[in-house]
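Please open the structure in your viewer and keep the selection panel at hand. We will take the tour in stages, selecting one group of residues after another.

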Amino acid sequence: MSFQNKTIVITGGASGIGLLCGRCYAREGANVLLIDIDREKLKAAVEDIAASGGIAAGVRGDVRCYPDVKRACDAAVSRFGSIDILLNCAGGASTRVFQCDMEYHEYPLEYIDWGIDVNLKGPMYFSREAMKQMVRQRSGVIVLLGSIAGEEGNARSVDYSAAKSALTHGFLKSLAQCGAPYNIRVCAVSPGPVLTRPEMAQMQTLMGRAAEAQEIADFILFITSDKASFVTGANFMIDGGRSCMSV
């Protein structure tokens with residue numbers, strides 16, 4: 001799985017699965033551009049990759065703001081000459097971000113808007129802008145990060161569940177159709193519980209455990225490599241069989 005001299009653009013790249021993927025791609029010789037809204041974490045992430053001998057740059061940006069999206073994609077092309085892979089990792093459940101434990105009919109509208117904007121509009125914005133360069137190159141891979149919540153639903157995180165479902169079904173398949181004539185592949189990865197947060201260990205799976213974050217990163221690297229060159233339009237559940245259970 002050679003990524004030598006390829007340019008990887010990662011939203012939400014200063015933490016979690018986004019940062020882990022950035023480290024992995026950099027070790028494989030890729031140029032990594034991280035985008036995150038947290039300036040301090042972003043600076044630390046870029047320094048971390050560089051300290052390990054990798055090539056990385058950071059652009060502070062809000063995935064909800066199209067000028068920020070364009071600025072980040074322009075920076076990738078200006079600095080590294082291409083956008084070969086886009087990982088849409090930025091996202092999060094508004095209930096957790098805003099620490100709001102209300103039933104849906106009482107939930108503040110501004111939190112619902114945040115959840116839809118970050119988890120659905122953000123990936124749509126970034127995919128649109130990155131695809132412009134990929135069309136010029138006539139090559140590229142776009143990855144959408146979904147969630148088991150997009151398959152199961154979640155009464156305590158309705159906007160998150162709805163956004164992830166739309167992302168990994170309608171948008172995924174539509175974007176794959178748009179990209180295919182230009183040799184652009186589009187895939188989605190929908191993790192079940194992942195040990196990026198301790199409470200994820202409490203979610204049941206057929207395998208009897210939550211995933212290590214590295215297991216998700218390894219799969220993302222595989223589907224973005226040339227070894228998966230005939231794969232597009234598919235949503236891959238990495239959930240230890242949870243989607244097979246009655247939960």
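About 40 Å³ of space lies in the largest cavity, and this is a good place to begin, bearing in mind that the model is a predicted one. To find this cavity, select Thr95, Met102, Tyr104, Tyr107, Ala155, Arg156, Ser157, Val158 and Asp159, which together line the space. If you colour these lining residues by character, you will find five nonpolar, two polar and two charged. The structure holds one cavity of 30 Å³ or more.

Now turn to the sheet and show the strands as arrows. In what order do the seven strands of the open sheet lie? Reading across, the order is 3-2-1-4-5-6-7, and the pairing is parallel. Strand 3 (55-60) and strand 7 stand at the edges with a single partner strand each, so one side of each has no neighbour in the sheet. As you look from one strand to the next, the twist averages 20°. In general, strands of a sheet pair through backbone hydrogen bonds, and the pairing may be parallel or antiparallel.

Next, select strand 1 (residues 7-11) together with strand 4 (residues 85-88), which pair in the parallel sense over four bridges. To see one of these places, pick Thr11 and look across to strand 4, where the bridge partner is Asn88. Add helix 1 (residues 16-27), which packs on the sheet and touches strand 1, strand 2 (31-36) and strand 4, while the direction of helix 1 makes about 170° with that of strand 1. Then add helix 2 (residues 39-51), which also packs on the sheet, here touching strand 2 and strand 3, and whose direction makes about 170° with that of strand 3.

Stay with this part of the sheet and select strand 2 and strand 3, which are joined by six bridges in the parallel sense. Leu34 has its bridge partner in strand 3, namely Gly58. If you follow the chain here, strand 2, helix 2 and strand 3 make up a β-α-β unit that is right-handed.

Move on to strand 6 (residues 184-191) and strand 7 (residues 235-238), which run parallel and are joined by four bridges. Click on Ser190, whose bridge partner in strand 7 is Met237. Is the crossover from strand 6 to strand 7 left-handed or right-handed? Here the chain passes from strand 6 through helix 8 (residues 213-223) to strand 7, and this β-α-β crossover is left-handed.

For the next stage, switch on a surface and look for the largest pocket, which holds about 1400 Å³ of space. Its lining has 49 residues, and those that lie nearest the centre of the pocket are Gly91, Gly92, Ala93, Arg96 and Arg197. The elements that give two or more residues to this lining are helix 1, strand 2, helix 4 (94-97), helix 5 (109-137), helix 6 (149-152) and helix 7 (158-179). Colouring the lining of the largest pocket by character gives 20 nonpolar, 16 polar and 13 charged residues.

Finally, look for the second largest pocket, where about 190 Å³ of space lies. Select its lining, which consists of Lys6, Asp84, Ile85, Ser139, Gly140, Val141, Asn183, Arg185, Thr224, Ser225, Asp226 and Ser229. The residues of this second lining divide into two nonpolar, six polar and four charged.

Notes. Residues numbered from 1 in each chain as written. Predicted model: local features only at pLDDT ≥ 70, side-chain atom pairs only at ≥ 80, totals over all residues. Heavy atoms only, no water. Pairing = 2+ DSSP bridges. Right-handed = clockwise from strand over helix to strand, strands pointing away. 1 Å grid on protein atoms, 1.4 Å probe; cavity = no way out; pocket = protein on both sides within 12 Å on 5 of 7 lines; lining within 4 Å. Points joined across faces, edges and corners; volume = space filled by probe spheres on them. Nonpolar A, V, L, I, M, F, W, Y, C, P; charged D, E, K, R; others polar. Axes fitted to C-alpha atoms, helices over the stretch in contact; angles between N-to-C directions. Contact = heavy atoms within 4.5 Å.
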